[in-house]
Amino acid sequence: MIDPRLAVIERRLASARRIVAVTGGKGGIGKTLVSSTLALALAADGRRVGLLDLDFTGPCDHLVIGARQEFPEEEFGILPQVVAGVQFMSIACFGGDDPVPLRGADLTNALVELLAITRWGDLDTLVIDMPPGLGDMALDAVQLLP
């Protein structure tokens, strides 16, 4: 069976001119700081920027950029919150400070859903704070992102 959300992901990300994935082999090495400050710097330079926090087990980008942890606005999908000129999306927008206990297929399903429902619009750069390591989440993200 073919998942129709996969075609939607491609359309949602088609208007991002470039995607920059900030990644590393383990947690705690500064991926969040690099991805957040990169997005803020690009926005301060007048670029249309999105920041997507894909670290579902420990999302922190919202803390660095000062985003509110509130459910995003919906209009034919989810509209990212705009903070300091950066369009921002994270699992923290849905779960707040509560942990997201997902594993296996549920983790992949949540990733696919987040990518399929987020309406980025036209972006010069989409910065992605990747999950730590080379586990299923990181590998799924690499497969799903153009």
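**Core.** I went for the nonpolar cores in this predicted model, and the largest one has 36 residues. L52, L54 and L126 have the most contacts inside that core.

Next I looked up which elements feed it. Two or more residues each come from α1 (5–13), β1 (16–22), α2 (31–44), β2 (49–53), β6, α5 (104–117), β7 (123–129) and α6 (136–144). Which of them gives the most? That's α5, with six residues.

**L54.** I picked L54 for a closer look, since it is one of the three residues with the most contacts inside the core. I left aside its neighbours within four places in sequence and listed what L54 is in contact with. The list runs L111, L114, I128, D129, M130, P131, M137 and A141.

**Odd phi angles.** Then I turned to the backbone. Most residues other than glycine have a negative phi, so I noted the ones that don't fit.

F76 is one of them: its phi is positive, about 55 degrees, and it is not a glycine. I found F76 in the loop between β3 (73–74) and β4 (78–79). Is F76 buried or exposed? Its relative accessibility is 75%, and exposed means over 50%, so F76 counts as exposed.

A84 went into my notes too, with a positive phi of about 55 degrees although it isn't a glycine. A84 sits in the loop between β5 (81–83) and β6 (86–90). Its relative accessibility is 58%, so I put A84 down as exposed.

**Loose end.** I see β6 twice in these notes: it gives two or more residues to the core, and it borders the loop with A84.

Note on methods: Residues are numbered from 1 along each chain as its sequence is written. This is a predicted model: local features need pLDDT of at least 70, side-chain atom pairs count only at pLDDT 80 or more; totals for chains, interfaces and linings use all residues. Side-chain values use heavy atoms; hydrogens and water are left out. Helices (H or I, at least four residues) and strands (E, at least two) are DSSP runs, numbered from the N terminus. Buried means under 20% relative accessible area, exposed over 50%, partly exposed in between (1.4 Å probe, protein chains only). A nonpolar core is a set of buried Ala, Val, Leu, Ile, Met, Phe, Trp, Tyr and Cys residues joined through side-chain atoms within 4.5 Å. Contact means heavy atoms within 4.5 Å.
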